[in-house]
Amino acid sequence: MSNNREIIIFDTTLRDGEQSPGASMNLTEKLEVAQALAALGVDVMEAGFPIASPGDFEAVREISANVRGITVCGLARCNQADIDRAWEALKQAPRSRIHVFLATSAIHREFKLKMSQEEIIDRAVQGVQRAVGFCDDVEFSPEDAARTEHDFLCQVVEAAIEAGATTINIPDTVGYAVPAQLGDTIAMLRNRVPNIDKAVLSIHCHNDLGLAVSNSLAAVTNGAGQIECTINGIGERAGNCSLEEVVMAIRTRSDYYQAKTAINTERLVPTSRLVSSITGIPVQRNKAIVGRNAFAHEAGIHQDGMLKERTTYEIMRPEDVGFAKTDLVLGKHSGRAALADRAKALGFHLTGEQLLSVFDEFKKLADKKKEIYDGDIAALIQQEITDIEQEAWQLDSYEVKANSGSGPSVRLRLRHQGNEVIGESSEGDGPIDAAFWAAEQATGVKLVCKDFQVRSATIGRDAQGEATLEVEHRGKTYRGRGVSTDTVEATIQAILNAVNRILLATATTTQSPQTS
Ligand code: KIV
Ligand code: ZN
């Protein structure tokens, strides 16, 4: 292994990450995240699982057609239909990769696939060969590799490389591995598979035991050349290996790992914020690298040390991961250029049209609020991005009656398809409950509220309220988001945003195969 080898960062936020319950993104949101990943310097981006749904296909195709400077990857099971569909979605990308997978562990063979070892090898080889017929960058994953018998794993890996796979990814699908053991598995493959030097060895860890980052690093120590990870570690169940953590571990401890990545680390915090706001999955305050408290020193003794010499208590600088030095304030007189500048610094890529629309909202906000902070701007932009294109239902106006002692009621006036105005009143246990009832009656869409949060986007009593909610409709989870200086209005917007997402999804989805 060379001394300062470059580790390939394979981001799967848009595929495995999007499988987090409630984290599904619409096309505009996926494109926004894809652009941010390209700016972050990710080497390979897994943009989706094209056969899973028309939405996934469309997203992979649009990303392939529009995002540059990055390899775009699409996932496929080892069968003809999946692989052909993946290629159809990927073919416009200047650099593309097909990622085929097939489970190999005894549990999966016996109970899920009902296939023998020989049949698995044949299917894997056929899958890789079909993918190689389309593109010369092909990744093969023996799903649940971490629980697969070593002898059989070696045979499958050798056969997949022989068939043309250029990357072999070792998934710890259920997050069962521990660092030393997974490191040994990588070393074992390097020692025992005769053609292993013809492929890059990759690692894909889930975080069920909280070990995804440690396991990935152990794999790197033992020769893995690619890490699969997601922004903020989002993903199935407890999530995947967190990109920001693994990248900063390699960078901060390059003395130990003798390795580097091409990640532009100053984009980590903006990208983390973008993914959090788009998916509605908050970043915990004390999360390493990107959490709000990650660089906050509270203890007096630490503060004193820091003032004398920052390295006494700081192993990384906040600016290296993209925490801004100032929370610059804009106001009524700030122009479009200043807004565009802040948007860029916050990690957003706005089209001219989006900038115009955000600038309009910015001016309205500046009439209500003297000082506009980064959080306000991010909230306005996120609103622009999360607004779904064909909004069936929009809020025209509302009225709330509430006082202690009598049940609150809400009257909504909603616009349907841009013109027809529908009024609906309802009572509830509280104004929010009443708003849910009224929205359900007006739109005819039944919602089960699973999570509801209102938080202020910035500081001060006049801060914008950001309402996010998660609702269930016919067994599926959807998100909704609304922003306003009036928190009741923000909540109603969030309810309608969820209703619109449901209507859009139910108009376009088919049953989708999922994997982790
Ligand atoms: O966790 C897993 O096994 C996966 C594979 C598809 C790589 O996500
Ligand atoms: Zn996975």
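Buried means under 20% relative accessible area, exposed means over 50%, and partly exposed is in between (1.4 Å probe, protein chains only). You'll need that a lot below.

This is a predicted model, where local features need pLDDT of at least 70, side-chain atom pairs count only at pLDDT 80 or more, and totals for chains, interfaces and linings use all residues. Residues are numbered from 1 along each chain as its sequence is written, chains are lettered from A and ligands numbered from 1 in the order in which they are written, and side-chain values use heavy atoms, with hydrogens and water left out.

**Exercise 1. Find the partner of Asp 367 in a salt bridge, then sort both residues by accessibility.**

Step 1. Recall the idea: side chains of opposite charge can pair when their charged atoms come close. Here, a salt bridge is a side-chain nitrogen of Lys or Arg within 4 Å of a carboxyl oxygen of Asp or Glu.

Step 2. Asp 367 pairs with Lys 332, at 3.2 Å from N to O. This pair links distant parts of the chain, 35 residues apart. Asp 367 sits in helix α14 (residues 352–368), while Lys 332 is in the loop between α12 (300–308) and α13 (336–345). Helices (H or I, at least four residues) and strands (E, at least two) are DSSP runs, numbered from the N terminus.

Step 3. Lys 332 has a relative accessible area of 45%, so call Lys 332 partly exposed. Asp 367, at 57%, counts as exposed.

**Exercise 2. Do the same for Asp 82 and for Asp 320.**

Step 1. Asp 82 meets Arg 77 in a salt bridge of 2.8 Å, N to O. With 2% relative accessibility, Asp 82 is buried, whereas Arg 77, at 31%, is partly exposed.

Step 2. Asp 320 meets Arg 317, with 2.8 Å from N to O. Asp 320 is buried at 11%, and Arg 317 is partly exposed at 40%.

Step 3. Now look around that second pair: Arg 251, Arg 317, Glu 319 and Asp 320 are linked in a network of salt bridges. The whole structure has 33 salt bridges.

**Exercise 3. Work out how helices α2 and α3 are placed against each other.**

Step 1. The axes of α2 (residues 54–66) and α3 (residues 80–90) come within 7 Å and cross at roughly 40 degrees. Axes are lines fitted to C-alpha atoms, for helices over the stretch in contact, and angles run from 0 to 180 degrees between N-to-C directions.

Step 2. Angles under 35 degrees count as roughly parallel, over 145 as roughly antiparallel, 65 to 115 as roughly perpendicular and the rest as oblique. So α2 and α3 are oblique to each other.

Step 3. Phe 57, Val 60, Arg 61 and Ser 64 in α2 meet Arg 85, Glu 88, Ala 89 and Leu 90 in α3. Contact means heavy atoms within 4.5 Å.

**Exercise 4. Place Gly 428 in the fold and list its contacts.**

Step 1. Gly 428 is in the loop between β13 (420–427) and α16 (431–443). At 15% relative accessibility, Gly 428 counts as buried.

Step 2. Leave aside neighbours within four places in sequence, and Gly 428 touches Gly 407, Pro 408, Asp 433, Ala 434 and Trp 437.

Step 3. Pro 408 is 20 residues away along the chain, yet the two C-alpha atoms are separated by 6.1 Å.
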